[in-house]
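Let's take a walk through a protein model together, starting with its hidden empty spaces and working outwards from there. Keep the structure open beside you as you read.

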Amino acid sequence: MNTGDTAPPSATGEHRIRMTEQEAISNLHTVLHLCAAGELRCSEKTHRPSAATVAAVGSQLAHGDFYLDDPIASFAWPLIIQAGGLATIESGRLRLTPKGRTALRRPAAEAISQLWRRWLTHAVIDEFSRIEQIKGQRAHNVLTSARTRRQTVAAALAGCPPGEWIGMDSLFTAMRRKGMSPNVARSERALWKLYLVDPQYGSLGYDGYHRWEILEGRYTMAVLFEYAGTLGLLDLDYLHPGF
């Protein structure tokens, strides 16, 4: 195990600790400069960055992305600056707004907390969509309000003891004890429309297939790792995933 290396882990089980505050401050200005140079493209329909944009951001991040082959911070930054009102899409390309140009001239730390607050209320995607293995999310009347879910996760994060590590299992337990569940499916019926691999045999409606860790837990991790972690709100102690 290597806890001193900040490069993305490249082997199954490889360990990393990332102290994210300073790199987030650096990365915000990096992304704003890329935007000012006209190098970032996003879909006008979905707001998501193009593959080339994700690669461009990832190549410039301090210490790189969290993983080599699974973009997290490099995917999140173009969305974060849109939600924060620092950039807008014009003809498929991200352009700095007056607010973004001001942020580029000022210390990045001043913008970080504002960006997080804006993400909670103005996020441009549902973070659950990033859990691509769970299908059926686009079916009508299946998912709850993403805004309500992410605010629940934010409240759980705010309740964590400062300056201490907390494991995800411990956080999940605390959230459930306090009734802080970011419920993903609108109803028991909606669960049947969510599935893994096969809509009939892989439906999450079956008993034991929709455990809290699979839906609410995975959603919580998506918000905390991809957005709170990218913004430097919490440090990360993680492994390269094993399969």
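The lining of the largest cavity is a mix: four nonpolar, five polar and three charged residues. This is a predicted model, by the way, so treat every value here as computed from it. How big is the largest cavity? Its volume comes to about 50 Å³. Helix 1, which runs over residues 20–36, gives the most to this lining, with four residues. Among the residues around the largest cavity you'll find Arg18, Thr20, Glu23, Leu61, Asp65, Phe66 and Thr230. If you're wondering how anyone finds such holes, rolling a probe the size of a water molecule over the atoms shows where empty space is left.

There are two cavities of 30 Å³ or more, and the second largest has a volume of about 30 Å³. Its walls are made by Gly84, Leu86, Lys99, Ala111, Gln114, Leu115 and Arg118. Helix 5 supplies the largest share of that lining, four residues. Sorted by class, the lining of the second largest cavity has three nonpolar, two polar and two charged residues.

Two of those wall residues deserve a visit. Start with leucine 115, which sits in helix 5 (residues 109–122). Is leucine 115 buried or exposed? Its relative accessibility is 2%, so it counts as buried. Setting aside neighbours within four places in sequence, leucine 115 is in contact with Leu28, Ile80, Gly84, Leu86 and Leu231. For a sense of distance, look across to valine 31: the two residues are 84 apart in sequence, and 13 Å separates them in space, C-alpha to C-alpha.

Now hop over to lysine 99, in helix 4 (residues 98–105). Lysine 99 is partly exposed, with a relative accessible area of 40%. Once residues up to four places away in sequence are left out, lysine 99 touches Gly84, Gly85 and Leu86. What does its side chain reach at 3.2 Å? The backbone oxygen of glycine 84. Leucine 171 is another story: it is 72 residues from lysine 99 along the chain, and their C-alpha atoms are separated by 35 Å.

Next, the open spaces. About 1,800 Å³ of space lies in the largest pocket. It is lined by 48 residues, and Tyr67, Arg218, Met221, Ala222 and Phe225 lie nearest its centre. Which helix gives the most to this lining? That's helix 9, with eight residues. Helix 7 (168–177), helix 9 (213–228) and strand 6 (236–239) each supply at least two residues. By class, the lining of the largest pocket has 30 nonpolar, six polar and twelve charged residues.

The second largest pocket has a volume of about 360 Å³. It has 14 lining residues, with Arg48, Asp126, Ser129, Gln137 and Arg138 nearest the centre. Here the lining splits into five nonpolar, four polar and five charged residues.

What about the packed interior? In soluble globular proteins, nonpolar side chains tend to be buried together. In this model the largest nonpolar core has 70 residues, and those with the most contacts inside it are Leu28, Trp77, Ile81, Trp116, Trp119, Leu215 and Tyr227. Pick out leucine 215: beyond its neighbours within four places in sequence, it is in contact with Phe128, Ile134, Val184, Leu191, Leu194, Leu204 and His210.

A charged residue can be buried too. Arginine 150, in helix 6, counts as buried because its relative accessibility is 3%. What does its side chain do there? A polar contact of 2.7 Å joins it to the side chain of glutamate 127, and one of its polar atoms lies 3.1 Å from the backbone oxygen of isoleucine 125. Arginine 150 also touches other residues, including Trp119, Leu120 and Tyr219.

Finally, a look at the backbone. Most residues other than glycine have a negative phi, and most peptide bonds are trans. Histidine 63 has a positive phi, near 70°, and is found in the loop between helix 2 (51–60) and helix 3 (73–83). Asparagine 141 also has a positive phi, near 60°, and its place is the loop between strand 4 (134–135) and helix 6 (146–158). Histidine 63 is partly exposed at 41% relative accessible area, and asparagine 141 is partly exposed at 49%.

How values were computed
Residues are numbered from 1 along each chain as its sequence is written. This is a predicted model: local features need pLDDT of at least 70, side-chain atom pairs count only at pLDDT 80 or more; totals for chains, interfaces and linings use all residues. Side-chain values use heavy atoms; hydrogens and water are left out. On a 1 Å grid over the protein atoms alone, a cavity is a set of points where a 1.4 Å probe fits but cannot get out, and a pocket is an open set with protein on both sides within 12 Å along at least five of seven lines; lining residues have an atom within 4 Å of a point. Grid points are joined across faces, edges and corners, and a volume is the space filled by probe spheres set on the points. Ala, Val, Leu, Ile, Met, Phe, Trp, Tyr, Cys and Pro count as nonpolar, Asp, Glu, Lys and Arg as charged, and the others, Gly among them, as polar. Buried means under 20% relative accessible area, exposed over 50%, partly exposed in between (1.4 Å probe, protein chains only). Contact means heavy atoms within 4.5 Å. A polar contact is a pair of N or O atoms within 3.5 Å; within protein, one must be able to donate a hydrogen and the other to accept it, and residues adjacent in sequence count only if both atoms are side-chain atoms. A nonpolar core is a set of buried Ala, Val, Leu, Ile, Met, Phe, Trp, Tyr and Cys residues joined through side-chain atoms within 4.5 Å.
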